[in-house]
Amino acid sequence: MLTLTQCHGPNPSTAVAVILKLCDASATPEWREEIARRSRRFFDPLPDDHEIMRRICVAIAYSQGSRSSLIGGLIQTPVFKEAFASFVPAALARRNPERILANYWKHLTLFRFRNKVCRIVLCARILNKIIRDCGSFAAYLESFQIPRRIRTAAHIEQFWQRFNTLQFDLRRREMPFFRSTTSLLQLLLDLDYDSIKPDLIVMRLARRLGIVNRETGDLAFRQCVRFLQEYSIANSCRAAELDLALLAFGGQTGARQLLTQNFCPAADPCHHPACRVGRDRLCSARESNVS
């Protein structure tokens with residue numbers, strides 16, 4: 001079992017606290033609105049199957065290094081909805097990916113990779129089977145009893161035990177994309193679970209802060225997310241708030257626009273003069289530049 005004391009680095013918890021303060025000091029009104037949404041203690045019922053399908057399409061659109069600020073505009077367009085059968089799982093499951101590419105790729109080039117369209121259609125087919133088996137995706141997901149709010153250490157244990165069971169079942173069903181740890185954690189985050197997506201930005205920052213030793217690999221992803229879940233319990237905040245803070249501070253193109261300052265560079269070393277994380281020697285990117 002991973003605990004906070006098993007993480008490496010000078011003081012990752014202190015570093016996260018400083019990041020939260022810097023984000024708050026640089027907050028735009030849009031940041032405060034998004035943080036308020038992510039800090040909600042209550043949660044709504046899980047969405048219907050059309051909305052689940054839409055979120056699957058959106059998640060795949062954002063994946064594999066697509067520029068989040070540009071994808072954010074694309075997913076609001078009517079052509080995005082039209083290309084994917086208005087997000088009706090049964091209708092999208094019947095579509096031919098090659099036909100979608102022929103008719104819509106000129107509008108979807110921001111995806112970067114054409115095989116994302118095939119993945120979306122395959123996800124629709126597996127989702128449609130889940131709906132037939134369980135009545136709805138919401139009923140399917142709720143059957144795994146993953147806690148949507150994490151308030152105790154016992155909730156963290158339950159989260160990961162049930163997460164593993166869900167992931168095993170999705171792999172058994174050959175669900176593309178969301179059978180991976182990162183993408184499944186993202187889906188849970190999007191559905192308002194206390195989760196974090198350990199993507200490139202988050203993992204790079206986690207390595208710099210000493211939360212993990214490496215940026216890639218399933219073990220590192222889980223170590224990072226679990227650390228932040230434990231931090232959220234100890235500091236009375238939600239994991240979703242930490243997800244936004246690390247994305248914005250780490251330089252993700254969409255989230256960083258919610259702050260009035262940019263902080264983390266894409267590569268070491270860091271020369272940012274106003275970053276207390278580096279100045280206080282809480283970040284290896286700054287230390288690599290200190291003789």
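These are my notebook entries on the overall fold and on one helix pair.

**Entry 1: the whole chain**

I began with the type of model; it is a predicted one. Next I looked up the secondary structure. The protein has 16 helices and 0 strands.

I then checked the dimensions. Along the principal axes, the C-alpha atoms fill a box of roughly 60 × 45 × 35 Å. For 291 residues, a compact globule would have a radius of gyration near 19 Å. The protein has 19 Å, so the value agrees with that of a compact globule.

Burial came after that. I found that 54% of the 291 residues count as buried. I also looked at contacts with a separation of 6 or more. Of these, 68% are between residues 24 or more positions apart.

**Entry 2: H2 against H14**

I turned to helix H2, residues 29–38, and helix H14, residues 239–250. Their axes lie 8 Å apart, and the packing angle is about 150°. Angles over 145 degrees count as roughly antiparallel, and H2 and H14 are therefore roughly antiparallel to each other. The crossing of H2 past H14 is right-handed.

Which residues of H2 meet H14? I listed Trp31, Glu34, Ile35 and Arg38. On the H14 side I noted Ala240, Glu241, Asp243, Leu244, Ala245 and Ala248. I sorted the residues of this contact by character: 6 are nonpolar, 4 are charged and none is polar. Among the nonpolar ones I count Trp31 and Ile35 from H2. The charged ones include Arg38 in H2 and Asp243 in H14.

How values were computed:
Residues numbered from 1 in each chain as written. Predicted model: local features only at pLDDT ≥ 70, side-chain atom pairs only at ≥ 80, totals over all residues. Heavy atoms only, no water. Axes fitted to C-alpha atoms, helices over the stretch in contact; angles between N-to-C directions. Helix = DSSP H or I, 4+ residues; strand = E, 2+ residues; numbered from the N terminus. Parallel < 35°, antiparallel > 145°, perpendicular 65-115°, else oblique. Left-handed = near helix turned anticlockwise from the far one by under 90°. Contact = heavy atoms within 4.5 Å. Rg over C-alpha atoms; globule rule 2.2 N^0.38 Å. Buried < 20%, exposed > 50% of the residue type's maximum accessible area, 1.4 Å probe, protein only.
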